[in-house]
Amino acid sequence: MGKIIAVANQKGGVGKTTTCVNLAASMAATKRKVLIIDLDPQGNATMGSGIDKYEVAHTAYDLLIDELPLADVVETETSGGFHLVAANSDVTAAEVKLMTFFARETRLRAALEGARDIYDYIFIDCPPSLNMLTVNAMTAADSVLVPMQCEYYALEGLTALIDTISKLTAVVNSDLKVEGILRTMYDPRNRLSTDVSDQLKKHFGEKVYRTIIPRNIRLAEAPSFSKPVMYYDKSSTGARAYLSLAGEILRREEQANSNEQEVV
């Protein structure tokens, strides 16, 4: 059975889309079958995957509003070796229309029924706000991966996000949990980065990934070439960091499965 992970943070500019695209490419490189669902109307994950958001025949709008089958809206020829449900400005209209529907928070979960049998990992790139699209993502997901910069305001935002996840767990998705917290754009020369990193580890323990994503020019350049960084410069520190993150997630998954088998 595949796993659905929402990549979310209501604060913009924390490396959310960068993480979604590059983690998906790294997972695909390990021979896993991977799907990205771009729910951000900006369509950055779409463009960063080598798909022109202005030319796509279908987007997440068609999946959520018109209820087209997943197979009909998936783009298979991406630059990262994964499949993609694209997004563009149409997805903004989807958010508005969702508000008029009954059971509006479960539309994505219904659309992904059966998708776990096809994909090993499904990553949902959420918009940088806690809107109905993000609620749909978290209702459909098994867990939430939170990318965040090591700065003071990011800690406040993380508290609000954890509170939202707790509320959604109580109302629409009792199985939702925090997959992990990823430190992004990390600069070890910055004392504040180190201090915030220490606070994260103190409060969230093993939920904080050991892998840290550094500030890296190649990572910043790759989207302008419509490629994940591993296909732009595989020797860069950014590419190595996301491969390391993929490995860490896979090891955690294996360990969790092993522990479940021991309990049984």
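Q: Before anything else, what does "buried" mean here?
A: Buried means under 20% relative accessible area, exposed means over 50%, and partly exposed lies in between. The model is a predicted one.

Q: OK, so is Asp187 buried or exposed?
A: Asp187 has 18% relative accessibility, which is under the 20% cut-off, so Asp187 counts as buried.

Q: Which residue does Asp187 meet in a salt bridge?
A: The partner is Arg189, with N and O 3.0 Å apart.

Q: And Arg189, buried or exposed?
A: Arg189 is exposed, at a relative accessible area of 75%. This bridge therefore joins a buried residue, Asp187, to an exposed one, Arg189.

Q: Why would side chains pair up like that at all?
A: Side chains of opposite charge can pair when their charged atoms come close.

Q: How many salt bridges are there?
A: The count is 15.

Q: What about Asp163 and Lys167, where do they sit?
A: Both are in helix α8, residues 152–171. They are 4 residues apart, about one turn of the helix. Their side chains form a salt bridge with an N to O distance of 3.2 Å.

Q: Are those two buried or exposed?
A: Asp163 is partly exposed at 38% relative accessibility, and Lys167 is exposed at 52%.

Q: Which residue pairs with Asp198?
A: Asp198 forms a salt bridge with Lys201, and their closest N and O atoms are 3.9 Å apart. The two residues lie 3 apart in helix α9, residues 191–204, so about one helical turn separates them.

Q: How accessible are Asp198 and Lys201?
A: Asp198 is partly exposed at 41%, and Lys201 is partly exposed at 43%.

Q: Which residues are linked in a network of salt bridges?
A: Lys3, Lys177, Glu179 and Glu253 are linked in one.

Q: Changing topic. How many disulfides?
A: The structure has 0.

Q: Why is there no bond from Cys20?
A: The closest cysteine sulfur to that of Cys20 belongs to Cys126 and is 8.2 Å away, which is too far for a bond. A disulfide would need the two sulfur atoms within 2.5 Å.

Q: Are Cys20 and Cys126 buried or exposed?
A: Cys20 is buried at 1% relative accessibility, and Cys126 is buried at 0%.

Q: Last one: what does UniProt say about residues 3–178?
A: The unreviewed UniProt entry annotates residues 3–178 as "domain: AAA".

Q: How much of that stretch is helix and strand?
A: Over residues 3–178 the chain is 40% helix and 16% strand. The C-alpha atoms at its ends are 13 Å apart.

Notes:
Residues are numbered from 1 along each chain as its sequence is written. This is a predicted model: local features need pLDDT of at least 70, side-chain atom pairs count only at pLDDT 80 or more; totals for chains, interfaces and linings use all residues. Side-chain values use heavy atoms; hydrogens and water are left out. UniProt positions are given in the numbering used here, feature names are shortened, and annotations may be inferred rather than shown by experiment. Buried means under 20% relative accessible area, exposed over 50%, partly exposed in between (1.4 Å probe, protein chains only). A salt bridge is a side-chain nitrogen of Lys or Arg within 4 Å of a carboxyl oxygen of Asp or Glu.
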